[in-house]
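Me: I'd like to go through this structure with you, one question at a time. Could you take me through the reasoning behind each answer?

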Amino acid sequence: MSEKTIALVTGANKGIGYEIAAGLGALGWTVGVGARSAERRETAVEKLRAAGVDAFGVPLDVTDDASVTAAAGLLAERGLDVLVNNAAITGGMPQEPTVVDPAMIRTVIDTNVLGVIRVTNAMLPLLRRSAAPRIVNMSSSVGSLTLQSGNTDATGPVSAAYAPSKTFLNAVTLQYAKELAGTNILINLGCPGYVATDLNHFSGYRTPTQGAAIAIHLATLPDDGPTGAFFDDAGPVAW
Ligand SMILES: NC(=O)c1ccc[n+]([C@@H]2O[C@H](COP(=O)([O-])OP(=O)(O)OC[C@H]3O[C@@H](n4cnc5c(N)ncnc54)[C@H](OP(=O)(O)O)[C@@H]3O)[C@@H](O)[C@H]2O)c1
């Protein structure tokens, strides 16, 4: 096992995930670049290495059990300290509940929720061997029922799939925190803010580097840090 801290970031080939990988790499960590496309993965790994990051590629489609199992096998040789579940999709807009295609919702949940569960459970045996395991689940303030019911315009478009998928992810993360209480594993949710990426056709006003900051903060929490909590750069986000 390596003396260096080893992290896996899912969906690290672009957007916020890429910048999370770059930021953790800048700390001197070894970073696994989880990505489903070989070409996009290798391009990202090369770019990170050119920036001085100790990066390696991890073939990973979070919706595919065999892919997730293989990724865990690849990481077993190195060990794993930190898992950042970043990969997600919106499913495409518009997605008003009165006309939404249930099949699309299924795909979004499979990626944004079941994908996190699949990857987390596959990686847990490795994380349990770490001295300071951390799990960071990238959520969104659009998953906040408090904000969604508060009549604010800070909650994105009407969304029957993406926003509820983040609410579901928040709820599942709390259950992980309950089960893992008493272990040294800290598991938290981060909201990156509204970031210009492919996910929103670059309509966000924050940079991916700014969006990555909360994940890097949660990935580097001290042993007495919080668990089962939901943060953005400004502090706790309402459930
Ligand atoms: N951008 C925002 O304003 C914003 C706001 C709140 C929360 N977030 C959250 O932040 C995280 C990153 O979003 P982003 O804006 O950086 O999005 P993005 O630029 O669209 O990147 C999403 C990443 O997830 C990957 N991905 C999607 N499905 C996957 C699958 N089945 N298996 C493996 N990887 C998969 C994509 O890979 P491909 O290149 O292969 O598609 C890509 O690398 C997400 O969890 C998102 O919900 C974003």
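Reply: Happy to. Keep in mind that this is a predicted model. A good place to start is I20, which touches V9, A12, V84, N86, A212, A215 and I216, leaving aside residues up to four places away in sequence.

Me: Which residue is 189 residues from I20 in sequence, and how far apart are the two in space?
Reply: The residue is T209, and its place is in helix α7 (residues 208-219). T209 is partly exposed, with 15 other C-beta atoms within 10 Å. From C-alpha to C-alpha, the distance between T209 and I20 is 7.5 Å.

Me: How many of the 12 residues of α1 are buried?
Reply: The buried residues of α1 run through G15, I16, G17, Y18, E19, I20, A21, A22, G23, L24 and G25. They pack against β1 (6-9), β2, α2, β3, β4 (82-85) and α7. Helix α1 is largely enclosed by the rest of the structure, because the number of its residues that are buried is 11 of the 12.

Me: What span should α1 have, and how far apart are its end C-alpha atoms?
Reply: The estimate uses 1.5 Å a residue, which for the 12 residues of α1 gives 16 Å. The end C-alpha atoms agree with that, being apart by 17 Å.

Me: Which residue just after α1 takes a positive phi?
Reply: The phi in question is about 95°. The residue that takes it is G28.

Me: Which elements do the buried residues of α2 pack against?
Reply: Helix α2 covers residues 38-50, and its 18 Å reach is close to the 18 Å expected. Its buried residues are R41, A44, V45 and L48. Seen down the axis, these fall within an arc of 100°, so they line one face of the helix. The elements they pack against are α1 (15-26), β2 (30-35) and β3 (54-59).

Me: Which exposed residues sit on the face of α2 turned away from its buried side, and what follows the helix?
Reply: The face turned away from the buried side carries E39, E46 and A50. What follows α2, with a positive phi near 95°, is G52.

Me: Which helix gives the largest share of the largest nonpolar core?
Reply: This core has 68 residues, and A7, I20, A21, V31, V33, M123 and A215 touch the most other members. The largest share of the core is eight residues, and they come from helix α4 (residues 102-127).

Me: Which residues come nearest to the ligand, and which element gives the largest share of its shell?
Reply: There are 31 residues around the ligand, and those that come nearest are G11, G15, A88, S140 and T197. By class, the shell has 13 nonpolar, 13 polar and five charged residues. The largest share is three residues, and the element that gives them is α1.

Me: What does α6 pack against?
Reply: Helix α6 (residues 162-180) has 19 residues that should span 27 Å, and its end C-alpha atoms agree, at 27 Å apart. Its buried residues are Y162, A163, P164, S165, K166, L169, N170, T173 and Y176. They pack against α4, β5 (134-138), α5 (145-148), β6 and β7 (230-232).

Me: Which residue just after α6 takes a positive phi?
Reply: Here the angle is about 95°. The residue is G182.

Me: Which peptide bond is cis?
Reply: Most peptide bonds are trans, so a cis bond is worth a look. One of its two residues, P94, lies in the loop between β4 and α4. With omega near 0°, the cis bond is the one from M93 to P94.

Me: Are H201 and F202 buried or exposed, and what are their phi values?
Reply: Most residues other than glycine have a negative phi. H201 lies in the loop between β6 (186-190) and α7, and F202 is found in the loop between β6 and α7. H201 is exposed, with 10 other C-beta atoms within 10 Å, and F202 is exposed, with 10 other C-beta atoms within 10 Å. Both phi values are positive: H201 is near 55° and F202 is near 60°.

Methods:
Residues numbered from 1 in each chain as written. Predicted model: local features only at pLDDT ≥ 70, side-chain atom pairs only at ≥ 80, totals over all residues. Helix = DSSP H or I, 4+ residues; strand = E, 2+ residues; numbered from the N terminus. Expected span 1.5 Å × (residues − 1). Buried ≥ 20, exposed ≤ 12 C-beta atoms within 10 Å, placed from the backbone. Arc of directions from axis to C-beta. Contact = placed C-beta atoms within 7 Å. Near = placed C-beta within 6 Å. Nonpolar A, V, L, I, M, F, W, Y, C, P; charged D, E, K, R; others polar. Core = buried A, V, L, I, M, F, W, Y, C linked by C-beta atoms within 7 Å.
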